[in-house]
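Here's a quick briefing to get you oriented. Have a look at the sequence and the model first, then read on.

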2 protein chains.
Amino acid sequence: MIKTELNAGFASLGGGYLFSETARRIRAFEAENPGKKVIRLGIGDVTLPLGKTVVDAMLRASAEMGERGTFRGYCPEAGYGFLRSAVARYYARRGVDVRPEEIFISDGAKSDCAAVPSLFGAAKVYIPDPVYPVYLDTNLLAGRETVSIPALPEDGFLPGPERCGGGPAVIYLCSPDNPTGAAYGREGLAAWVVHAINTGSVIIYDAAYEAYITEPGVPHTIYEIPGAKSCAVEINSLSKSAGFTGTRCGWSVFPRELGELGKMWARRQAASFNGVSYIVQRAAEAALSPAGLAESAKMAEYYLSNARLISRLLDEKGIFHTGGVNSPYIWMRCPDGCGSWEFFDRMLTSAGVAGTPGAGFGKYGEGFFRLTAFSAREDTETAVARLREFL
Amino acid sequence: MIKTELNAGFASLGGGYLFSETARRIRAFEAENPGKKVIRLGIGDVTLPLGKTVVDAMLRASAEMGERGTFRGYCPEAGYGFLRSAVARYYARRGVDVRPEEIFISDGAKSDCAAVPSLFGAAKVYIPDPVYPVYLDTNLLAGRETVSIPALPEDGFLPGPERCGGGPAVIYLCSPDNPTGAAYGREGLAAWVVHAINTGSVIIYDAAYEAYITEPGVPHTIYEIPGAKSCAVEINSLSKSAGFTGTRCGWSVFPRELGELGKMWARRQAASFNGVSYIVQRAAEAALSPAGLAESAKMAEYYLSNARLISRLLDEKGIFHTGGVNSPYIWMRCPDGCGSWEFFDRMLTSAGVAGTPGAGFGKYGEGFFRLTAFSAREDTETAVARLREFL
């Protein structure tokens, strides 16, 4: 028997990873009700296939890997120059100047959201609540001191820095937010940048949903805010924009204004990560080409149309909700003061529609519920019809 | 300016990641000597292209990702069932019974070698010296207490457990070893298993080079040793066997006899990793099919033939060396008591051949040097001819 002391952080986690638990309940329901098709508006997984530009790039790269002259072994730890340059051009479209050497390719935002805090020693880690559970879970596992930033309906789920203490800290922000779909405007985001600069804090800015922003005046990157380069690491991913959830590619930006941090990240990655598959990096490069971006824009528009169907139903029913604009997520208040796991079970068993309980995203998510717009149009329409009956 | 306390672990690391430093020196030499072609017998990177079976699988999977009916989003966090089953069958070929649910797919051995110790709390981490630098670097970054296990020429670079203290601990073993090429026989490995069981320790067994084992009686997996399932996590990778250094796929085995550990690992992975690209998992499945394994066996034979060319030269010159059999690495003593970085520079500038200084693998690697057999045959032959002059 292993007597080596176990990491006590595991005991502080909830029962299971949120989406493993909802998947388990859905499977159990389906097993007991073999005739019923559950429509999943739960996990934030895309359903549209990869664009032709991306697939063509993967086919070419796969063939290259089979020929001696074009085969590729280990890639540069921070990613190939061709992809780092493509990401830099992606920022340039927004008028943001980020150099290729400030960009570090990863296998997705989750990995980097989990690993970036390891650059720091003993530091308070501020985490919005409700939020993507990865921020909290991974910091609890690492034994860090976490402090929650309550995101409340009266603030439109966009808390300001007045909810943080004054010392230097690590601060997670996600905008457009998962799960609430709320997105900071320039002013709201600027307040965080000023706070970070004044306190010597670092912001870990998760921009994984920026491709869904439709409203003008909502920043696509934190670097649109003056001063942000001196206090923010930005993480992004192609999962939600180009449908890469099963292909896996993202990046982090460490602007040179962050001093040592970029070098430390390079060292950390070289020590514990062997880079992203060449084929995937070529796919990502294609996704960021003009043709690839046009394909992605169509996908976002498709999902946002789904979101409008759901939002309209909730408006019709007079149910308070956020998101759906600038975001593939709709965050609704559970009717009649219902608890969010109870609402999950009721909606699953009565309507055959699965969502995600707000409580799974944090204490302040209790009483709310997340629906996603990633299903096929026809499934979304069926779900809306079922929910019209149910709600 | 960021005032958040930085991770002090970075200060305890060497100047740069070993292979970044050797690459830097090679680039500098090439820039100063534009006519000279340096032959790289340094980094352990394969050069033969992927097998046809593997490429065909990637082409099929890429096409699937472009069609709505066959598109795949997020994969199960621990990997697809088809690949976990293929790995289980791979173990079954050796008469080792490992269930698919005990196998966790990863993007390579480096990631898992770095992350598995995070399952443990305050524990001594025993690390052979010399060894693959990732074990030490990542544990220093995590602030763990590391203790080196000297691997000495008089033990054939295969230290026994008498060099470890008695309490429960985390113990890294790599066999066939990187960098020395030495491989434990059944008896040597059994001594470690007995030690781990007696002390309640856990072994992290890196089997990334097992495909190069040619001698009978050398275990391909630690689970060939009775009792190992109750004390060892095994990590393997397709990088060196199937040429996946630029494709990225590996796995870890957490036998159910390890109790909670497998569940903890599943939770850790779900919280901080989104799985391996579908295309890559299909490639890995193909690599583990009978046709894929036949292709891999040919690659190993090619590289081992290179190793024999190098070994024969060292025999000819009367230079002490290990490896080359059961391993793509040849570990030689630097002639004339030369320091290993000095030897690196001399060999690079005089012979135009790059290797890896033993000191880069640990204090006890000083005075030794690693050559790898992964180059093309003609390059290896040229390198051997140059070294025949130089040595």
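What follows is a short tour of the symmetry, one pair of helices and a few backbone details.

Keep in mind that this is a predicted model. Chains A and B go together neatly: a turn of 180° lays chain B on chain A with an RMSD of 0.0 Å. In chain B, helices α1(B) and α10(B) pack at an angle of about 30°, and chain A has cis peptide bonds leading into P176(A) and P179(A).

**How the two chains relate**

- Besides the 180° turn, the shift along the axis comes to 0.0 Å, so the two copies are related as by a two-fold rotation axis.
- Looking for a landmark in chain B? The C-alpha nearest the axis belongs to L59(B), and it sits 2.8 Å away from the axis.
- Both copies use the same surface to meet each other, as 100% of the contact residues of chain B recur in chain A.

**Two helices packed in chain B**

- Helix α1 of chain B covers residues 18–32 and helix α10 of chain B covers residues 340–351, and their axes are 11 Å apart.
- With an angle of about 30° between them, α1(B) counts as roughly parallel to α10(B), because the cut-off for that is under 35 degrees.
- If you care about handedness, the crossing of α1(B) and α10(B) is right-handed.
- On the α1(B) side, the residues that meet the partner helix are T22(B), R25(B), I26(B) and F29(B), while α10(B) brings F344(B), L348(B) and T349(B).
- Sorted by class, this contact between α1(B) and α10(B) holds four nonpolar, two polar and one charged residues.

**Cis peptide bonds in chain A**

- Going from S175(A) to P176(A), the peptide bond is cis, with omega near -5°.
- P176(A) belongs to the loop that runs between β5 (170–174) and α6 (186–199) of chain A.
- The bond from N178(A) to P179(A) is cis too, with omega near 20°, and P179(A) is also placed in the loop between β5 and α6 of chain A.

**Positive phi in chain A**

- F157(A) isn't a glycine, yet its phi is positive, near 60°.
- You'll find F157(A) in the loop between β4 (145–150) and β5 of chain A, and it is buried because 24 other C-beta atoms lie within 10 Å, where 20 or more are needed.
- R248(A) is another non-glycine residue with a positive phi, this one near 75°.
- R248(A) lies in the loop between β7 (232–237) and β8 (250–253) of chain A, and it is buried, with 31 other C-beta atoms within 10 Å.

Terms used: Residues numbered from 1 in each chain as written. Chains lettered and ligands numbered in written order. Predicted model: local features only at pLDDT ≥ 70, side-chain atom pairs only at ≥ 80, totals over all residues. Least-squares fit on C-alpha atoms with pLDDT ≥ 70 in both. Contact = placed C-beta atoms within 7 Å. Axes fitted to C-alpha atoms, helices over the stretch in contact; angles between N-to-C directions. Helix = DSSP H or I, 4+ residues; strand = E, 2+ residues; numbered from the N terminus. Parallel < 35°, antiparallel > 145°, perpendicular 65-115°, else oblique. Left-handed = near helix turned anticlockwise from the far one by under 90°. Nonpolar A, V, L, I, M, F, W, Y, C, P; charged D, E, K, R; others polar. Buried ≥ 20, exposed ≤ 12 C-beta atoms within 10 Å, placed from the backbone.
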